[in-house]
Amino acid sequence: MSKKQLGFFVDVKRCIGCFSCAMACKNQYHQEKEVVWRQVYPVSEEIYPHRQSAWLSLACNHCQNPTCLKVCPVKAYFKRDKDGVVVHEQDKCIGCGNCIRSCPYGAPRYNPVAKKAEKCSLCWQRLDAGLKPACVQGCPAKALQLVDVNQFADPEAVQYIAGFPKFAALNPSVRFRAPSQPRVIRR
Amino acid sequence: MDIASLTLGALRDFFIGPDAESLEAAIRRLAALGGLSLEHQDWREVEYDFNRLFVGPAPPAAPPYASLYLENEPRLMAESTLRVRHFYQMLGCISPWQDALPDDHLSLELDVCIMLRESLLNVCDHKLSELYAYFMAEHLVLWVPAFIEKVLNQSNLTRPIAGAVHLLADWLESERSWLAPAVLTRDLSRPAVQLTGR
Amino acid sequence: MATYNKDKVEKALSCPLNRRKFLKGLLAAGVLAGVPGGLLRAVASEAGIVYEGDYQVFRNACPRNCYDTCSIKTFVKDGVVQFIEGAPESSFTDGALCVKGFSYPRRIYSPDRVKYPMLQVGRGSGKWRRISWDDALNRIAQKILEIKKKDDSLLGLGLTKYSGNFGITNYGVEGMMSSLGYTTRFVGTPCWPAGIDAQNYDMGNMWCNDPEDMVDARYIILWGANPAWCSVHSMKFITAAQERGAKVLCIDPVFTQTAAKSDEYWQVKTGEDGALALGMCRHLLDRGMYDKQFVSEHATGWEDFAAYLKSNITVEWAAKKSGIPAAEIVRTAEEFAQAKPATIWIGYGLQRHVNGGATVRAIDALVAMSGNIGKVGGGARYGHLFTWGFNYHALVQKQPEGSKGYLGQTGPKGEFDTGQGAKPAKYSDRAVNINQTARMILEAKEPPLRMLWASCKNVFSQDFDLNMMKKAFEKLEMVVVVDQFFNQTVEHADIVLPVTTLFEEWTENVSYWHYWLSINEQAIKPMFESKSNIEIASMLSAKMNSLSPGSCTFPTKIDTKKWMEKEFNAGIYKLFGISSWQDLKKGPVKAKLASSASWSGLKFATPSKKYEFKSELCATHGHKALPEYMDGRKPYGPYRLLTPHSKFNIHSQFQNLDWMEEFNSEPYVYLNPALAKEKGISDGDMVKVSSKVGQMTIKAMITDNVPPDTLLMYEAWFNKNPYNVQALVDDTPADMGKYKTGAPGVAIHDQFADIARA
């Protein structure tokens, strides 16, 4: 019986790039400007041939082998045993920037006011209260789900999608479904 | 009340003053206390400048609320605002505009300082002096200098406003010297927080 | 030297119990001095309610002009809104809001909010004075009385109000005007009037299916609508239909986000949707693939329509006009007719043309002849006002005795005007077309328009022909604007009055798309000195009556919560199956519909009681009796200019917030690579877009989402940015709209412009 590892299922097929998830996170945590925990990136035209029409909503991937945790000198990160959520304890953080430099997905961001790092901690307080993460709850298209990636068996789901870099050593706990394209009739 | 408290009182009334008349009255008091020189002034122009800086209706250039300078995300009625409300409660005070006006408006904070100073001038109470030192070191000096800098960086500042702000800076400096050396050597040089979009 | 123990102090501060204990100690020691002239007040114990750990939960509803009208759960702690969520009880909102709704916590507590009544000394000078409510209302009341004396009526006072706040009690603004006398009203709607009239001619009402039944459709055409941006909560029903095997076709001049989510996308020539629909009708007629029972038993004028199609419409012609190949038209028409049920979502952008009403009639006819009216999962979906049967207690106010006004007929004052309270009076308000606001202000005479009250409306951002508007405002003697932020209309005001957000007032909300009802509780005290619209009305009334007794009938003392209650009636309770509005505190409630399908009994509200392919009424009103093809507007410039809606704002709301700027930082004009190449424009270049009414300098973004003959700019108000699409848009009317909304619509998307590098 594999351990539970929570992560996001980003259904790019359903996703309409409405940014509700990103704003739901801000609504919950009121982050400093430019300290974005969840960002919605347009998929490039090379991959999806209509500008700004397919989107990757990305936060922290709560990797199975998180680099942030490895490089932190003060143990301000820990990975929860019960569900694999990687929590950042900002009180312990000394703002050294190691995690920010080491995470290839750019999840930890520097907060210039607090002079510390911070990142998505999968709304663990909400999870423990039996609630969904703010972004998952806040998606009107039902395109963002919280799944146990060790159990998630959707045949269309992949761990790496075009536009999302592959860092297999980290083993990011995220899954995607690719978008589809319409048949286009132009004048 | 000593000169410092009277000065503070006039500054308190200045920063909350709603119109030209009250701004003029506050400045005249400051002049009478010897804090600044009074020159011929179009007080209506001061009022327009005051609103441009502190009130609106356009986004104010330097809104005088602590939370905007202290919070991760500058907004009104933030966690730091409520801590200030709790501080007042602990001293048996409440803002008469609670919930409508953020508790951390500069004038309300100057008001609590006056109260603490006055109390301490009458009697030497360790608890009170500890509270005053705490409020000064853990709150006022963390945001008021940034606010002052924001104001002084504005162009075309009318003289009375510049004068009032300089007096505020002077008072803050003099009170800091009263705090313990341990506090003074703390790194109080927080960067002036960029108010978003302003 | 003063020292302190940080931990000790913070422990004492940390909870009410500790704070109380500490205070008790201070009081017992007698050390606290009073301060004469101080601001802070003494209180012996903790005032107010404190919720430690738990939140106080309130129910609210987003009152914006949006299909989705979300039900909101608001979490308050220490009297402060901490965060909000979508209400889980509504299967439409289903727990989620949108990028705009989630920015509300920033909106309530933005330092940029208009906080106090303020007076601009010299309109446009930027020199503002803070004044008291009493002073503000006194100035306003004096002006109103002056107008009354000068003109012997209040026709010189005008109200422009539209959709900034759809909370039902906000119709108290119109009520306030009525309670003063007969005034000038800007009537009509820029939004959807042509389509409303069209659906009224065809069926006797605008009445769409429950959008949640789209899951049952087998074919969905999203025609001139962009729900992926403008009705995000509807997308899950469309996606569910797709997962069940339904086909979704998106028809739009622009490749929108909705197009990307559809199975097929057609880049129709702008304004030629009517030709396309008629082409499909002609093909179905030829093949006999139409509902013969429906057209013979439940419709009139079918024979005439069929004859028209045979003589005037061919698929080849439709292909030429619309740009869609004949083979596609044929195939799709047949798929549509065979799918049971099939439905068309008729968008509002589609009818913002000189032929908008005619176009909607043609699309209605396609749905009707294919037998999809009155079917679950079917229907010609446009909108409804089915759930809006409130008392309109705030709206209905009496003019003071002896009021003089306009002598002449007026029609409805807007799509929400049900004629309640309208008696066959000698006098009436003077109704002028809201879609030609600038023109109306300039042309109004006997008396001229002297004073304008703008509420729930941002005139400069939303009304057409910006340059004409600037001239028009010069004529106004006093401009009063009720608003939350310093937008372009406030810049041109004499007095701005701060208004409450939804979290600071009591009201109730329904949608023109879904069938849910929400209560909107007052969750927090109004910030600074903001007041709700009905509070402003009652305060104005008090001031008017103190200066001139009997000059205003609006109640001078109101309980805003009771006014929320007064809107409910037995009809609403029955429709929603509740016994009291209190039930709504547990969450939003859905109307108890006999069927999710409108017109399920096929008993239409037309004169014939049938679906009218041929509408004599329509002809009487100056249009064609049949849904005949109508030409679009002749281009007066080289490229079509489209100014539709963005996902980041509702008109001029939300984009100005810094939270929104983080995700959408600046406006663009979007153009096709071929056009860009021709003009030597690269991605990110500054360009000048100019039309016959004005111009705008803006950054370019290149994309083939836009056809080569089209320029695209999204209407929005960016904070401290002069960007304004109305500088480019003129006020040419749409064909229909006067019947049901009092004024024709406006051909917002029939605009033409040129572009060059700046």
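Let's start with a definition: on a 1 Å grid over the protein atoms alone, a cavity is a set of points where a 1.4 Å probe fits but cannot get out. Grid points are joined across faces, edges and corners, and a volume is the space filled by probe spheres set on the points.

Hi everyone! Before we look inside, some ground rules. This is a predicted model, where local features need pLDDT of at least 70 and side-chain atom pairs count only at pLDDT 80 or more, while totals for chains, interfaces and linings use all residues. Residues are numbered from 1 along each chain as its sequence is written, chains are lettered from A and ligands numbered from 1 in the order in which they are written, and side-chain values use heavy atoms, with hydrogens and water left out.

Now, the cavities. The structure has 11 of them at 30 Å³ or more, and the largest holds about 150 Å³ of space. Which residues lie nearest the centre of the largest cavity? They are C:Cys62, C:Cys66, C:Cys70, C:Cys98 and C:Lys100, out of 19 lining residues, where lining means having an atom within 4 Å of a point. By class, that lining has 12 nonpolar, four polar and three charged residues. Here Ala, Val, Leu, Ile, Met, Phe, Trp, Tyr, Cys and Pro count as nonpolar, Asp, Glu, Lys and Arg as charged, and the others, Gly among them, as polar.

Where does this cavity sit in chain C? Its lining draws at least three residues from each of domain 1 (6-109) and domain 2 (193-385 + 601-620). Chain C also has domain 3 (639-757), and the bounds come from an automatic or database domain assignment.

Let's stay with domains 1 and 2 of chain C. Their C-alpha centres lie 49 Å apart, yet 12 residues of domain 1 are in contact with 14 of domain 2, contact meaning heavy atoms within 4.5 Å. Together they bury about 910 Å², 53% of it on carbon and sulfur atoms; buried area is the accessible area (1.4 Å probe) that two parts lose on being put together, summed over both. On the domain 1 side, C:Tyr67, C:Asp68 and C:Phe92 lose the most area to domain 2, together 68% of what that side buries.

How many salt bridges join these two domains? Zero, with a salt bridge being a side-chain nitrogen of Lys or Arg within 4 Å of a carboxyl oxygen of Asp or Glu. There are, however, eight residue pairs in polar contact (both at pLDDT 80 or more). A polar contact is a pair of N or O atoms within 3.5 Å; within protein, one must be able to donate a hydrogen and the other to accept it, and residues adjacent in sequence count only if both atoms are side-chain atoms.

On to the chains. Between chain C and chain B, 56 residues of C meet 73 of B, burying about 6,100 Å², 63% from carbon and sulfur atoms. This interface has four salt bridges, including B:Glu130 with C:Lys8 (3.3 Å, N to O), and 18 residue pairs in polar contact.

Finally, chains A and B: 10 residues from each are in contact, and about 800 Å² is buried, with 46% from carbon and sulfur atoms. The rule finds zero salt bridges there. Thanks for listening!

Notes. 1 Å grid on protein atoms, 1.4 Å probe; cavity = no way out; pocket = protein on both sides within 12 Å on 5 of 7 lines; lining within 4 Å.
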